[in-house]
Amino acid sequence: MRFSPPAARIQRSRVNPEHLAVILTAAGRSTRMRELKPLLDWRGAPLIAHQVHTLSPCRKLLVVLGYAADIIGPIVPKLGNVQRVLNPHFDAGRASSIALAARSVPEDAEGILLVAVDQPARWEVVEALCRGISEGAEVALPCFEGKRGHPVLLRRSLLPSLRDLESQPVGLRSLLDARGDRVDEIRVDFPDVRWNLNTPADYERVR
């Protein structure tokens, strides 16, 4: 695992954020929130709409729906680079949604950005990951005050592994653990990379 201040990085392999494919997962039941997370108000818009608009500069946005797709689907902004992916097996977990969407990622995408609908994205963080990922790294994650956050940026070389994610014992964690020292932790000054809107208390606190 690499962890170094920006000044110590001499050689970078910059990823163009506008050439990313985004997998935005929004298929779960929102059980602990007790209402649909994608529809939560976030800065005056439904959370899923906020996520899509924030990430709209990227080349391709794959929005994975499952539970209550008939309610959430119409809220997804109808942009030219947005594709809805329906996961009929959403109860199998997030890994099933990522694997399903990964099969629709363009082969020439420069990287894949993994975003959960309940982890509000910030474009400045996406840019920081794309600037900060080093030559030999396969994964970049934002880090705030020494703790890893989200979203996760993966190089396109990991696309076959994403498509086979359901075979991993603990899904994405297994994939990241297997990368070892090929994971870059990128320091950022935004505490929201650590936010997870899992419960009503979480939601009220970060608002």
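## Core packing and backbone exceptions

Leaving aside neighbours within four places in sequence, Leu55 is in contact with Val22, Leu61, Leu113, Val115, Ala121, Trp123 and Val126. Contact here means heavy atoms within 4.5 Å. This is a predicted model: local features need pLDDT of at least 70, side-chain atom pairs count only at pLDDT 80 or more, and totals for chains, interfaces and linings use all residues. Residues are numbered from 1 along each chain as its sequence is written, and side-chain values use heavy atoms, with hydrogens and water left out.

**The nonpolar cores**

Leu55 also belongs to the largest nonpolar core, which has 43 residues. A nonpolar core is a set of buried Ala, Val, Leu, Ile, Met, Phe, Trp, Tyr and Cys residues joined through side-chain atoms within 4.5 Å. Buried means under 20% relative accessible area, exposed over 50%, and partly exposed in between (1.4 Å probe, protein chains only). The members that touch the most others are Leu20, Ile48, Leu55, Val63, Leu65, Leu113 and Leu153. Two or more residues each come from β1 (20-26), α1 (47-54), β4 (60-65), α2 (69-72), β6 (111-116), α4 (123-132), β7 (139-144) and α7 (200-206). Helices (H or I, at least four residues) and strands (E, at least two) are DSSP runs, numbered from the N terminus. The largest share, six residues, is that of α4. Another core lies apart from this one. It holds 28 residues, among them Ala21, Ile23, Ile98 and Leu175.

**Helix α4**

How much of α4 is buried? Seven of its ten residues are, so the helix is mostly covered by the definition of buried as under 20%. They are Trp123, Val125, Val126, Ala128, Leu129, Cys130 and Gly132. Their cover includes β1, α1, β6, β7, β9 and β10 (183-187).

**Backbone exceptions**

Two residues have a positive phi although neither is a glycine. Both are exposed.

| Residue | Phi | Loop | Relative accessible area |
|---|---|---|---|
| Arg34 | about 70° | between β1 and β2 (41-42) | 70% |
| Glu145 | about 50° | between β7 and β8 | 69% |

Where does the cis peptide bond fall? It joins His150 and Pro151, with omega about 5°. Pro151 sits in the loop between β8 (147-148) and β9 (152-155).
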